[in-house]
Amino acid sequence: MLIPCPHCGIRPVEEFTFLGDARPVRPASNDPATMDQWFDYVYLRDNPKGRFDEYVHHSGGCRAWLVVTRDTETHEVFGAVTARDWAGKRKGRRA
Amino acid sequence: MKAKPAAEPVFPRVSPLADVALQGRFGADRGAPGVEFRVRHPLSILTVIARKGQSAAVADALASLKGTTVQWAGPDQYFVLAEGRGEGALYREAKAMLDDKASVSEQSHGRVVIRVAGAKARNVLAKGTPVDLHPDAFPVGMSAMTQMAHVGVHLTRVAEDAYDLSVFRGFAESLWEWITEQAEEFGYQVK
Amino acid sequence: MKYSVFSLLKNAASGHKNWTPAWREPDPKPEYDIVIVGGGGHGLSTAYYLAKEHGLTNVAVLEKGWLGSGNIGRNTTIIRSNYLLPGNNPFYEWSMKLWEGLEQDFNFNAMVSQRGVLNLCHTDPQRDAFARRGNAMRIDGVDAELLDREAVREMYPFFDYDNARFPIKGGLLQRRGGTVRHDAVAWGYARGADSRGVDIIQRCEVTGIRTAKGKVVGVDTNRGFIKCKKLGLAAAGNSSEVAAMAGMKLPIESHVLQAFVSEGLKPYIDGVVTFGAGHFYVSQSDKGGLVFGGDIDGYNSYARRGNLPMVEHVIEAGVAMIPSLARVRVLRSWGGIMDMSMDGSPIIDKTHIEGLYLNAGWCYGGFKATPASGWCFAHTIARNEPHSLNAAYRLDRFRRGYMLDEKGQGATPNLH
């Protein structure tokens with residue numbers, strides 16, 4: 001797997017550390033009434049076969065957090081953006 | 001009368017490769033050595049990380065630091081290198097200049113820089129890094145953060161056939177063993 | 001046909017041309033009492049124990065590929081019951097007991113070989129942790145021996161005891177652990193289930209789960225709709241995909257785990273040994289190949305292949321433990337899909353849908369659990385309540401805070 005780091009260019013998978021699904025959104029509230037949302041956020045995963053957005057740390061390179069879009073069935077990598085850009089875009093989408 | 005603040009203790013910079021990088025000619029011994037290694041020591045090294053919204057201001061300020069080399073070290077992050085400076089001098093100068101714009105940290109004891117030069121330098125590095133070292137992709141002055149033999153390395157092309165490898169001191173010996181072994185087939189000189 | 005020395009002699013006399021197939025190839029009936037999704041080790045053993053222990057034989061096992069084409073056909077064949085936590089140990093020990101009687105039970109040679117599983121320790125704190133685990137095992141009636149360095153050296157003189165980073169300080173040995181011929185487990189269970197009347201239907205892919213009023217009514221498949229009263233899911237790496245057909249989202253991620261076989265060697269390693277400073281486990285097959293593996297690759301995957309960095313990592317760990325491995329050539333490597341749960345422990349439970357049962361989250365430790373998993377899942381389906389052995393493997397434990405986290409990693413599936 002080769003990942004196109006926005007800062008470093010194309011680099012091989014051994015330079016990266018994977019965190020997992022970038023889709024779940026952290027609940028804004030700590031209110032015990034939001035327990036279901038927290039449970040969903042912490043424990044439940046869509047675990048899709050196919051296109052997948054995931055948090056990846058370029059631990060062996062620029063040390064930036066990225067969101068990589070990849071196919072979990074073929075390992076084809078479609079692209080990568082910085083986690084900051086991803087968060088910005090997501091905020092834009094929700095607004 | 002206020003007591004005079006105690007002077008900051010000064011520790012001499014000790015190269016982690018002092019007992020390891022022995023000078024001489026090694027490996028293949030016909031013709032000129034293909035690679036030359038030199039531990040750049042002592043060297044003043046800083047890490048500078050720009051604060052939010054200050055990237056342009058920090059880049060400008062660093063350009064005005066006299067007698068230094070500034071290397072890209074990640075988004076909004078730099079290594080600043082200088083030779084022949086007193087212990088802590090570069091740090092104090094940069095800190096005074098950038099205090100409100102960036103975090104500055106002293107790395108002179110924490111890292112060591114190995115200069116790899118020669119006609120076969122690129123061949124040796126290519127055995128360890130996935131970075132494309134072709135001059136079109138990696139011109140003089142360009143830096144990359146990468147890994148060699150599992151060790152995190154900051155790599156800079158300093159001339160057509162010369163590179164600086166900056167590595168944490170704790171990993172330096174391990175990297176040294178690995179990289180000199182890779183150079184054996186070409187013959188190498190340690191200066 | 002009952003397999004015995006007499007049937008072997010009789011068939012040898014006729015040139016082995018008259019053996020009958022070990023199981024039938026039936027067409028699906030329109031309706032079953034119980035349908036199991038997944039014809040791997042766990043699905044087949046579930047069907048076997050449903051028939052044998054509970055007398056339920058109107059059962060079908062649906063397999064989208066061929067029988068045993070999943071992880072039962074591609075694991076490193078290790079069995080052991082050396083767990084720490086109270087919810088785990090009795091379950092895995094029950095599995096070990098079933099392994100010990102399995103071949104007599106289903107009249108099939110599964111080559112169960114209790115050659116011993118030895119976990120190496122490399123630091124004093126790790127030895128303390130092993131002593132604790134060994135004591136926990138003994139409390140649950142499992143055999144465990146803490147070996148010092150010299151006792152390990154006597155067993156395996158060729159390890160690197162004085163490795164600068166990972167010196168070997170001793171080990172925790174479970175003598176009853178060992179290996180089993182993995183394919184034969186699937187075949188034995190299939191044959192045992194089939195002979196009791198269970199339909200094993202291969203190349204039958206489930207494409208939908210139908211429910212009505214919160215109750216399971218059947219499954220859509222590429223071979224038509226099949227009605228059922230109860231539905232058990234044992235789909236391993238594809239659990240999330242199958243559960244999604246019933247509208248469920250699971251605390252599971254699918255990850256790829258690689259395994260390796262070397263060229264055939266003379267007898268070299270006579271037990272199962274694991275490296276304690278990295279993830280590496282090795283045994284030698286009867287054909288002479290070293291069978292070994294390590295960690296999962298660490299990223300979500302449904303591809304049955306991994307990447308090279310983990311190959312390098314596994315082999316580096318192996319060579320750190322056994323320097324002579326450096327001269328062994330790897331013959332094959334492959335990958336399988338692991339249903340990594342959020343606490344590293346499995347799920348065998350009912351679900352919120354009446355008649356729908358879930359068996360999943362085995363991470364990369366499902367093979368050793370095959371007998372007990374099927375035994376407990378069969379009980380859970382037949383009685384509509386978990387057995388005390390799988391009471392800790394509840395699906396709602398994550399919500400209630402009763403995680404069963406042997407490694408203490410938290411909800412990070414790629415670290416379990």
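These are my notebook entries on contacts I looked up in this predicted model.

**Entry 1: where chain A meets chain C**

I began with the interface of chain A and chain C. I found 24 residues from chain A and 25 residues from chain C in the contact. The size of an interface is often given as the accessible area lost when the parts come together. Here the area buried between chain A and chain C is about 2,200 Å², and carbon and sulfur atoms give 52% of that area.

Next I asked which three residues supply the most of what chain A buries against chain C. They are A:Tyr43, A:Asn47 and A:Lys49, with 30% of that area, more than any other three residues.

I then turned to the polar side of this interface. I noted 16 residue pairs in polar contact between chain A and chain C, counting pairs with both residues at pLDDT 80 or more. On the chain A side, the elements that give two or more residues are strand S3 (17–21), H1 and strand S4 (51–57). H1(A) gives the largest share of that side, 5 residues.

For charges, I found 4 salt bridges across the interface of chain A and chain C. One of them pairs A:Arg45 with C:Glu253, with the closest N and O atoms 3.2 Å apart.

**Entry 2: aromatic pairs**

I went on to the rings, and the count is 29 aromatic pairs over all chains. I opened A:Tyr43 with C:Phe398: the ring centres are 5.5 Å apart and the planes meet at 50 degrees, so I logged the pair as tilted. A:Tyr43 belongs to helix H1 (residues 35–43) of chain A and C:Phe398 to helix H10 (residues 397–400) of chain C, so this pair joins two chains. Are these two residues buried or exposed? Both A:Tyr43 and C:Phe398 are buried.

My second pair was C:Tyr48 with C:Tyr189. Their ring centres lie 5.2 Å apart with the planes at 65 degrees, so this pair is edge-to-face. C:Tyr48 sits in helix H2 (residues 41–54) of chain C and C:Tyr189 in helix H6 (residues 182–195) of chain C, so the pair ties together parts 141 residues apart in sequence. C:Tyr48 is buried, at 0% relative accessible area, and C:Tyr189 is buried as well, with a value of 0%.

I followed the ring pairs onward from there. They link C:Tyr48 and C:Tyr189 into a cluster with C:Tyr3, C:Trp19, C:Tyr49, C:Phe106 and C:Phe108.

**Entry 3: charges over rings**

I looked for charged ends above aromatic faces in chain C and wrote down two cases. C:Arg153 has its charged end over the ring of C:Tyr161, 4.5 Å from the ring centre. C:Arg210 lies over the face of C:Phe225, 3.9 Å from the ring centre.

**Entry 4: salt bridges within chains**

I counted salt bridges next, and the structure holds 40 of them over all chains. In chain A, A:Arg70 bridges to A:Glu54, with the closest N and O atoms 2.5 Å apart. This pair links distant parts of the chain, with A:Arg70 in strand S5 (residues 65–71), A:Glu54 in strand S4, and their positions 16 residues apart. Both A:Arg70 and A:Glu54 are buried.

In chain B I kept coming back to B:Arg40, which is buried at 11% relative accessible area. B:Arg40 forms a salt bridge with B:Glu83, at 3.2 Å between the closest N and O atoms. Here strand S2 (residues 35–40) holds B:Arg40 and strand S5 (residues 77–83) of chain B holds B:Glu83, 43 residues apart. B:Glu83 is partly exposed, with a relative accessible area of 47%.

B:Arg40 also meets B:Asp164 in a salt bridge, at 2.6 Å from N to O. B:Asp164 is in strand S10 of chain B, 124 residues from B:Arg40, and counts as buried at 2% relative accessibility.

In chain C I noted a network of salt bridges that links C:Glu93, C:Lys97, C:Glu100, C:Asp143 and C:Arg176.

**Entry 5: B:Ser166**

I closed with B:Ser166, in strand S10 (residues 162–168) of chain B. B:Ser166 is buried, with a relative accessible area of 5%. Which side chain does the side chain of B:Ser166 make a polar contact with? That partner is B:Arg111, at 2.8 Å. Setting aside neighbours within four places in sequence, I found B:Ser166 in contact with B:Arg111, B:Val112, B:Val113, B:Gly152, B:Val153 and B:His154.

Methods. Residues numbered from 1 in each chain as written. Chains lettered and ligands numbered in written order. Predicted model: local features only at pLDDT ≥ 70, side-chain atom pairs only at ≥ 80, totals over all residues. Heavy atoms only, no water. Phe/Tyr/Trp six-rings, centres within 6.5 Å; stacked < 30°, edge-to-face > 60°. Helix = DSSP H or I, 4+ residues; strand = E, 2+ residues; numbered from the N terminus. Buried < 20%, exposed > 50% of the residue type's maximum accessible area, 1.4 Å probe, protein only. Lys NZ or Arg CZ within 6 Å of the ring centre and 35° of its normal. Contact = heavy atoms within 4.5 Å. Buried area = accessible area lost by both parts, 1.4 Å probe. Salt bridge = Lys/Arg side-chain N within 4 Å of Asp/Glu carboxyl O. Polar contact = N/O pair within 3.5 Å; in protein donor to acceptor, adjacent residues only side chain to side chain.
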